[in-house]
Amino acid sequence: MISRVQGADFSSPPAAPVALAMIAPDMAPNVGATIRLAACLGAPIHIVEPCGFPFGPRAWRRQAMDYAAMAEIAHHRGWQAFLTATAGARLIALSARAAVPIWHHAFAPGDILLLGSETAGLAPEVQAAAAARVAIPLVPGARSLNVAQAAAIALAEAQRQTQKLPNDPLYVE
């Protein structure tokens, strides 16, 4: 359980952490890097098929190495299965073409950050289901970041805002 060091309120359970969701990822190494990120920052991660490669527990271990055992991984057979399993969660789409910079978006505990495939981004129906679309501002001429890099930046910002950073001196486990 994570609680504030000073002024802790133990009357209610801690808020859910911000989670990541990789929607139809194409590249196994990026999934491995993102699982490792989720494990290291204590964030649940959802992998939503179809994947551009065979995916399952064996692939988790191969791609994320020993970090897969530390990660909270949910594997969904498709977009509708993911929506059913996460009903009630606020979905936030990361898009290089979104108008709102992530620094101007108010993240909340329990948000799920949606990451699109490396080659196609997020499908229109995925973007339509999101409560917000946010972007990581880039210099002119840059198209986009690697999906694992974008996940790291967005997750760190969401955790900073929701005060859920691991090993933060304001919190203890």
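Start with the whole chain in cartoon view: read along the sequence, the pattern is β-β-α-β-α-β-α-β-β-β-α-β-α-β. That gives five helices and nine strands, taken as DSSP runs (helices H or I, at least four residues; strands E, at least two) numbered from the N terminus. You are looking at a predicted model, in which local features need pLDDT of at least 70 and side-chain atom pairs count only at pLDDT 80 or more, while totals for chains, interfaces and linings use all residues. Residues are numbered from 1 along each chain as its sequence is written, and side-chain values use heavy atoms, with hydrogens and water left out.

Now colour by accessibility. Of the 173 residues, 44% count as buried, meaning under 20% relative accessible area, with exposed over 50% and partly exposed in between (1.4 Å probe, protein chains only).

**Stop 1: helix α1**

Select residues 28-41, which form α1. The end C-alpha atoms of α1 are 20 Å apart, in agreement with the 20 Å expected for 14 residues at 1.5 Å a residue; the expected span is 1.5 Å times one less than the number of residues. Show the side chains next: the buried residues of α1 are Ala28, Asn30, Val31, Gly32, Thr34, Ile35, Leu37, Ala38 and Ala39. Step just past the helix to glycine 42, where phi is positive, near 70°.

**Stop 2: strand β3 and its neighbours**

Move on to β3, residues 45-48. Ile45 and Ile47 point one way, His46 and Val48 point the other way, and all are buried. In a regular strand the side chains alternate between the two faces of the sheet.

Add β2 (residues 19-23), which pairs with β3 in the parallel sense over four bridges; pairing requires at least two DSSP bridges between two strands. To find one of these bridges, select leucine 20 and its partner in β3, isoleucine 45. Then bring in β4 (residues 73-76), which runs parallel to β3 and is joined to β3 by four bridges. Here isoleucine 47 stands opposite histidine 75 of β4.

With β2, α1 and β3 displayed together, you have a right-handed β-α-β unit. Right-handed means that, with the strands pointing away from the viewer, the path from the first strand over the helix to the second runs clockwise.

**Stop 3: two cysteines**

Finally, select cysteine 40 and cysteine 51. Is cysteine 51 buried or exposed? Cysteine 51 is buried, because its relative accessible area is 18%, whereas cysteine 40 is partly exposed at 42%. A search of the whole structure finds zero disulfides, a disulfide being a pair of cysteine sulfur atoms within 2.5 Å.
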